[in-house]
Structures are given as C-alpha cells and as structure tokens.
Amino acid sequence: MKNIKLILLTITFALLTNCKIQYSFTPPTSIIAETYQVNKFENTSLLFEPGLDRDFKLALEDLIQNQTNYRLEPSGADLIYEGEITDYRIAPTTATAENTAAQNRLTITVKVRFYNTNNEEDDLEQSFSFFYDFPGSAQLVGAQKETAHEEILDRLTQDIFNATLARW
C-alpha cells in the first residue's frame, strides 16, 4: 500500500511538472514572412488634410515594426500594404436647443490592400474607419487636432494589423 501511494505521488508530481500551459499576449500568426513594405497611402478624401498620408504611413510602419520581427523594406517585400485615405469628415453628432452642434465627430476612413507574396490566400482588401468626438464649441486645431489624429491613427493601424497579421 505504501508503494502504491509512492508511485501515485511520483506520477502526479511528474505530470504536474511536465505540463506547461503557455500564455501569450502576442496574437498568433500563421504568416511566414521576413519583410514588409508600406507604400504611400494617397489622400483622396474631399476634405484634404495635409500630411495625413505621411502620418498614417509612418504609424502603420511603426506598429508593425514594434509588434513583429519583420524587417521594413522600401520595395520587393514579402508583405505589402497600400491603399488610400478615402474619407476625412467632420460632422455634428448632437445638437443644442439653439440648433448648434453640441458635439462634433472627426471620422477617417482608409481603404487598405494587403498582399502576401508568399501566400495569395492571405491577401485582403478592406476599408477601416474610426472616429474622435470633440465638443461643438471647440475648433479642431492645434493640440485638439493632434490628439484626434493620434487616437484615430492608433486605432486604425491596430485594426489593420489585427485583420492582416493577427487574424483576430
């Protein structure tokens, strides 16, 4: 009886120490690649915001660089991002009793084309959109505009990353 308890205890200990559960905050990806490139995203929106195309391109490059081991290349990469900024719009979302805007919303929409030169099944063409609300009494200039752009670009680039690389 003592030997059986010892054997069971040994087996239990061996099972517990050999079982490994791995947790990761990095999304799983099945994409095999070494390089990526982000082509210019031309701003084709009716309301043109100078420099937005450059800011978006840099934000997407930085996000991929920070969250993967892929190497940025100017051309001939395994993964290619391109597209257009199709909409830049400011519209009122709520009104006051005096028929003035109580709150405004800046919305930016980006159409993305993603190509995986190693596996065409991963290719994607999709539009992504996000918004930033600000008081109707405020003007979208200076720090308010920088905050709005930063928040929107952070969300857009993360959504694009999730759709193309993380598969979430």
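The exercises below examine helix packing and burial in a predicted model.

Residues are numbered from 1 along each chain as its sequence is written, and side-chain values use heavy atoms, with hydrogens and water left out. Because the model is predicted, local features need pLDDT of at least 70 and side-chain atom pairs count only at pLDDT 80 or more, whereas totals for chains, interfaces and linings use all residues.

**Exercise 1. Describe the chain as a whole.**

Solution.
1. Count the elements: the secondary structure comes to 3 helices and 5 strands, where helices (H or I, at least four residues) and strands (E, at least two) are DSSP runs numbered from the N terminus.
2. Establish their order: from the N terminus on, the elements run α-β-α-β-β-β-β-α.
3. Assess burial: 35% of the 168 residues count as buried. Buried means under 20% relative accessible area, exposed over 50%, and partly exposed in between (1.4 Å probe, protein chains only).
4. Examine the contacts (heavy atoms within 4.5 Å): among those between residues at least 6 apart in sequence, 68% join residues at least 24 apart.

**Exercise 2. Determine whether the length of α2 agrees with its residue count, and locate its buried residues.**

Solution.
1. The expected span of a helix is 1.5 Å times one less than its number of residues.
2. For the 16 residues of α2 this gives 22 Å, and the end C-alpha atoms are 22 Å apart, which agrees.
3. The buried residues of α2 are L52, D53, F56, L60, E61, L63 and I64.
4. These residues lie on the same side of α2, because they cover an arc of only 165° around the axis; the arc is that of the directions from the helix axis to the C-beta atoms.
5. An α-helix has 3.6 residues a turn, so residues three or four places apart point the same way.

**Exercise 3. Characterise the packing of α2 against α3.**

Solution.
1. Two packed helices are described by the angle between their axes and the distance between the axes.
2. Helix α3 comprises residues 142-166, and α2 packs with it at an angle of about 50°, the axes being 9 Å apart. Axes are lines fitted to C-alpha atoms, for helices over the stretch in contact, and angles run from 0 to 180 degrees between N-to-C directions.
3. That angle makes α2 oblique to α3; angles under 35 degrees count as roughly parallel, over 145 as roughly antiparallel, 65 to 115 as roughly perpendicular and the rest as oblique.
4. L52, D55, F56, A59, L60, L63, I64 and Q67 in α2 meet H149, L153, L156, T157, Q158, I160, F161 and L165 in α3.
5. The buried residues of α3 include H149, L153, L156, T157, I160, F161 and L165.

**Exercise 4. Compile the surroundings of L60, D53 and G83.**

Solution.
1. L60 is placed in helix α2, residues 52-67, and counts as buried because its relative accessibility is 0%.
2. Beyond residues up to four places away in sequence, L60 touches V38, F41, Y81, T157 and I160.
3. D53 also lies in α2 and counts as buried at 16% relative accessibility. Leaving aside neighbours within four places in sequence, D53 is in contact with K40, F41, N43 and I85.
4. G83 is found in strand β3, residues 79-95, and is buried, with a relative accessible area of 5%.
5. Not counting residues up to four places away in sequence, G83 touches K40, F41, E42, K111 and R113. The C-alpha atoms of G83 and F41 are separated by 5.1 Å, although the residues are 42 apart along the chain.
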